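Visitor: I am new to this structure and would like to know how its descriptions are reached. Could you walk me through it?

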Amino acid sequence: MVSQSLLEKFDNLCSKYPVKRSALVPILLTTQEEVGYLTPDSVHFISDYLKIPEVQVYEVITFYSMLRTRPVGKYHIQVCTNISCLLLGGEEIFEHISRRLAIKEGETTPDNLFSLAEVECLGACCNAPAMQINYKYHENLSVKKVNEILDQLKREG
Ligand code: FES
């Protein structure tokens, strides 16, 4: 079950599309923003609401790395290690963050501040290596730049 305000957002999103099911991705993103991640209950509700099989909702969720079925920290760090980033140090960036935060792929720091994920191309290849923290992109990364970003986020808490 979802909240009444979330249901109103669903109705509003659906009104923007000729076919209700086309609102699936925005509905998933909106739910994730409100709930934190896509719980089995919310997926079930969305499936009923859009009248599409639950497995199709999961197919979309598992296709997009921005959609999550488990909770993450306040700052969800997604480091690209696809080809352009790989050639320009993306793996080293990922390993550095993993060492510095003492977490591995898919893990969250004990204070729930940072989660780390290795992802496919973020579409920022021309400024590789790149990572995304929540909805913000960070490009042309170096270890020094990553440290500055993490220091800043840690200060902001
Ligand atoms: S390969 Fe990393 S952003 Fe495209």
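Guide: Gladly! Let us start with pairing: two strands count as paired if DSSP finds at least two bridges between them. Please keep in mind that this is a predicted model.

Visitor: What makes β3 and β4 a pair?

Guide: Strand β3, residues 131–133, is joined to β4 by 3 bridges. The requirement is at least two bridges, so β3 and β4 pair. Their directions are antiparallel, and one of the bridges links Ile-133 with Lys-136 of β4.

Visitor: Why is the sheet called open, and which strands are its edges?

Guide: The 4 strands lie in the order β2-β1-β3-β4, with mixed pairing. At the edges are β2 (114–119) and β4 (136–138), each of which pairs on one side only. From one strand to the next, the twist averages 20°.

Visitor: How do you know that helix α6 touches the sheet?

Guide: Contact calls for C-beta atoms within 7 Å. Helix α6, residues 90–101, touches β1 (75–80), β2 and β3, and packs on the sheet. The direction of α6 makes about 150° with that of β1.

Visitor: What other elements does the protein chain have, and in what order do they run?

Guide: In total there are 7 helices and 4 strands. Starting at the N terminus, they run α-α-α-α-β-α-α-β-β-β-α.

Visitor: Into which domains is the chain divided?

Guide: Domain 1 covers 4–63 and domain 2 covers 75–156. Taken over C-alpha atoms, their centres are 28 Å apart.

Visitor: What share of the residues is buried?

Guide: Of the 157 residues, 24% are buried; each of these has 20 or more other C-beta atoms within 10 Å of its own.

How values were computed:
Residues are numbered from 1 along each chain as its sequence is written. This is a predicted model: local features need pLDDT of at least 70, side-chain atom pairs count only at pLDDT 80 or more; totals for chains, interfaces and linings use all residues. A residue is buried if 20 or more other C-beta atoms lie within 10 Å of its own, exposed if 12 or fewer, and partly exposed in between; C-beta atoms are placed from the backbone. Domain bounds come from an automatic or database domain assignment. Axes are lines fitted to C-alpha atoms, for helices over the stretch in contact, and angles run from 0 to 180 degrees between N-to-C directions. Two residues are in contact if their C-beta atoms, placed from the backbone, lie within 7 Å.
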